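User: I am new to this structure and would like a close look at a single part of it. Please show me where it sits and what surrounds it, explaining each term as you go.

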Amino acid sequence: MQRQCSGQAPGEPEAEPGGEELCEQEMKRLCLSQQPVRVLPYAMMDKRFIRQLREPEGVKTSCWQQWRRRRQTAGRRLGEAARRLTRGCGLWEGALYEIGGLFGTGIQSYFTFLRFLLLLNLLTLLLTCSFVLLPLVWLRPPDPGPALNFTLQCPGSGHLPQTGVSKFNNLLWNVFTGRAFNNTCLFYGAYRAGPESSSTYSIRLAYLLSPLACLLLCFCGILRRMVKGLPQKMFLGQDYRSPLSAKVFSSWDFCIRGQEAATIKRHEISNEFKMELEEGRHLLLLQQQTRAQRACHLLTYLRVNILIGLLVVGAISAIFWATKYSQDNKEESLFLLLQYLPPGVIALVNFLGPLLFVFLVQLENYPPNTEVNLTLIWCVVLKLASLGMFSFSLGQTVLCIGRNKTSCESYGYNACDYQCWENSVGEELYKLSIFNFLLTVAFAFLVSLPRRMLVERFSGRFWVWLDREEFLVPKNVLDIVEGQTVTWMGLFYCPLLPLLNSIFIFLTFYIKKYTLLRNSRASPRRFRASSSIFFFQLVLLLGLLLAAVPLGYVVSSIRSSWDCGLFANYSAPWQVVPELVALWLPPPSQRILYYLGSHAFSFPLLILLSLVLTVCISQSQASSRAIRRLRKQLVWQVQEKWHLVDDLSRLLAEPGSGDSLGPESPVSRGSRPRSFCPGFPCPGSPGPRPRKPGPSLEDPAGLRGVSVPAHRFRFPSGSEL
């Protein structure tokens with residue numbers, strides 16, 4: 001830059017008049033600009049010169065400013081190195097790259113989703129250990145004293161409640177049912193604490209708020225991930241995708257040297273082209289449908305949905321009666337396997353339900369994409385409804401919801417059959433989590449592996465039809481979402497259940513990877529990672545809401561067990577909050593909190609939220625109108641430039657003009673303006689013009705004026721031509 005502005009090198013042509021003035025103007029602009037020097041598009045020597053020009057004359061930079069500049073530079077370099085190290089040493093980075101290259105980003109998104117769930121569980125476990133377990137070990141609360149002595153008036157017997165200990169004392173069986181850990185920190189009943197006035201740290205408050213804080217953090221993480229993937233799904237539609245020609249010529253990474261990396265990259269590009277072609281074909285089929293076909297499709301759609309809805313109702317009823325029967329016969333030695341009856345029925349329903357859904361949809365000859373979407377929606381409904389009915393049946397049996405019992409009227413729960421009902425609910429959720437993981441292992445090594453070995457060993461029409469198992473991403477996602485929902489439901493009853501689920505997710509990753517690479521074949525239906533990630537987070541968010549509603553009801557309204565756990569002397573776990581507020585806060589602060597929790601505060605809050613929502617909607621509408629105007633303005637500007645190019649071309653082509661060169665002049669041909677977007681016609685460019693009868697010297701192929709329609713290409717907003 002210094003050489004360009006101060007002088008010229010030998011051998012170079014003379015500088016144009018006014019070039020030095022332009023350099024001086026550019027230097028003044030750079031000196032007055034607040035833009036960081038490191039982002040300027042100049043060489044390092046020029047950047048040093050610009051930094052010297054920005055410093056005032058006669059004033060030296062102080063030691064503090066130099067140290068601060070060095071610290072910022074060192075911090076930036078350290079941060080970049082840490083980010084590179086994190087990307088290089090991230091969990092499963094190599095495996096995710098291999099899966100994404102061989103099978104596409106859709107299947108890769110499932111394994112990325114597993115990693116996200118693992119991080120959520122580890123964060124939940126960290127919060128629980130930090131605020132509950134470590135303070136409990138450090139403070140060593142005193143013994144709360146002997147259990148309360150009370151006599152239950154149970155119908156038909158006057159004995160004490162059953163402790164829930166089975167006559168069948170097998171250690172392995174007790175591990176699978178959770179009874180071996182009844183007196184450990186895995187379940188609610190093992191947590192004890194003294195009176196609140198005797199300690200400066202409230203274990204009860206920490207135990208109560210930890211699950212709520214974990215659910216809130218998980219909600220924020222899921223929402224952030226959903227919002228992050230929403231623009232890719234909604235705003236990058238069909239009109240804003242780059243053409244296939246750009247992907248053909250710019251997709252390859254020329255830094256690849258290894259044969260394995262080249263193979264993965266070829267598969268990745270091939271999968272991208274398959275997705276593009278499949279989406280284009282699906283869009284073309286939708287556009288070719290007539291009104292009569294759409295009406296028949298709608299009627300068939302309603303009929304199939306009614307039939308599938310009846311199947312879902314029957315499946316939910318089966319889960320309800322299985323849970324009730326299992327709880328009523330849980331103490332019989334001949335019915336020990338009935339303890340796993342509800343998880344077994346739920347697994348059977350979730351296995352047979354999708355098969356029946358697919359069979360009903362295929363009878364109506366739906367298109368493949370419609371079949372997948374319809375089956376997927378009903379599978380989500382079936383999974384979540386199964387867990388919801390399982391929770392309701394447990395509540396009806398343990399908490400007597402909708403039932404009249406003497407013990408429930410006196411103590412708020414079924415005290416005759418469940419001495420510590422929180423442990424009983426925790427055991428049921430523990431068994432459901434164990435059963436889901438065992439089912440994953442069994443399907444991988446007892447179904448998929450033998451099927452692959454038989455298909456490879458034998459040949460015939462039947463084995464060709466059977467083929468390997470198809471790796472269905474939605475089915476696997478729903479299975480893992482079900483396990484995560486069970487974990488969230490058990491945060492209050494089984495605080496260390498996230499640790500167990502983290503181990504299961506870690507093992508599931510390698511089991512599913514082995515199944516995908518060795519035993520399965522990729523699904524022929526391709527889908528984008530952006531749409532799949534948005535769907536995964538939406539289903540996970542529904543599971544989070546399904547887990548939060550029963551937990552909130554139990555914490556605020558249900559009577560705790562009389563002789564176990566932290567809240568044995570409270571009518572509901574939430575009652576510890578008013579007690580601590582009365583103990584720790586002064587009267588003015590108490591009045592403020594009571595006002596914030598009263599109905600009088602809800603009306604101003606609703607008005608404020610309405611105003612904020614109105615402002616947000618107004619801003620979004622104004623932004624959308626501005627975006628539409630900018631798009632129209634961009635098209636108008638491009639059209640105007642094309643008209644100027646046409647006028648200039650006609651002026652240069654006029655013969656006999658004294659001021660302009662002839663059309664055959666080489667200077668005229670060399671200086672003639674061409675397309676502003678070389679290789680890509682701009683939006684708003686004129687359509688194809690009529691071709692002249694014969695070829696000319698300037699256009700021997702007769703292709704002047706031929707352009708691709710404008711709607712095939714889009715450019716990012718703010719680009720200058």
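The part to look at is the second largest cavity, together with its surroundings.

Analyst: Happy to help! This is a predicted model, where local features need pLDDT of at least 70 and side-chain atom pairs count only at pLDDT 80 or more, while totals for chains, interfaces and linings use all residues. Residues are numbered from 1 along each chain as its sequence is written, and side-chain values use heavy atoms, leaving out hydrogens and water.

Let us begin with the whole chain. It holds 23 helices and two strands; these are DSSP runs numbered from the N terminus, with helices being H or I runs of at least four residues and strands E runs of at least two. Of its 721 residues, 36% are buried, where buried means under 20% relative accessible area, exposed means over 50%, and partly exposed lies in between, using a 1.4 Å probe and protein chains only. Among contacts between residues at least 6 apart in sequence, 73% join residues at least 24 apart, a contact being heavy atoms within 4.5 Å.

Now to the cavity. A search of the whole structure finds five cavities of 30 Å³ or more. A cavity is a set of points, on a 1 Å grid over the protein atoms alone, where a 1.4 Å probe fits but cannot get out, and its lining residues have an atom within 4 Å of a point. Grid points are joined across faces, edges and corners, and a volume is the space filled by probe spheres set on the points. By that reckoning, the second largest cavity holds about 40 Å³.

Which residues line the second largest cavity? They are T128, V132, Y207, S210, P211, L491 and P495. Two elements, α6 and α8 (203-235), give two or more residues to this lining, and α8 gives the most, with three.

Helix α6 (residues 105-139) has another role in this picture. The largest nonpolar core has 113 residues, and F111, I222, W421, W488, L540 and F567 have the most contacts inside it. The largest share of this core, 14 residues, comes from α6. Such a core is a set of buried Ala, Val, Leu, Ile, Met, Phe, Trp, Tyr and Cys residues joined through side-chain atoms within 4.5 Å.

A UniProt record adds some context. Its unreviewed entry lists "transmembrane region" for several stretches, including residues 116-138, 203-224 and 490-511; such annotations may be inferred rather than shown by experiment, and their positions follow the numbering used here. In the model, residues 116-138 are 100% helix and 0% strand, with the end C-alpha atoms 32 Å apart.

Next, look at L212, which is found in helix α8. L212 has a relative accessible area of 32%, so it counts as partly exposed. Although L212 and the lining residue L491 are 279 residues apart in sequence, their C-alpha atoms are 9.0 Å apart in space. Leaving aside neighbours within four places in sequence, L212 is in contact with L551 and W574.

On the other side of the story is F492, in the loop between α17 (473-489) and α18 (497-519). Is F492 buried or exposed? Its relative accessible area is 2%, so F492 is buried. Not counting residues up to four places away in sequence, F492 touches Y188, Y207, P211, E422, L551, V555, F567 and P573. Of these, Y207 and P211 belong to the cavity lining, F567 is among the residues with the most contacts inside the nonpolar core, and L551 is also a contact of L212.

F492 also sits 9.4 Å from V554, C-alpha to C-alpha, with their positions 62 residues apart in sequence. V554 in turn is touched by W421, whose other contacts more than four places away in sequence include V398, Y413, Y493 and I558. W421 brings us back to the nonpolar core, as one of the residues with the most contacts inside it.

Methods:
On a 1 Å grid over the protein atoms alone, a cavity is a set of points where a 1.4 Å probe fits but cannot get out, and a pocket is an open set with protein on both sides within 12 Å along at least five of seven lines; lining residues have an atom within 4 Å of a point.
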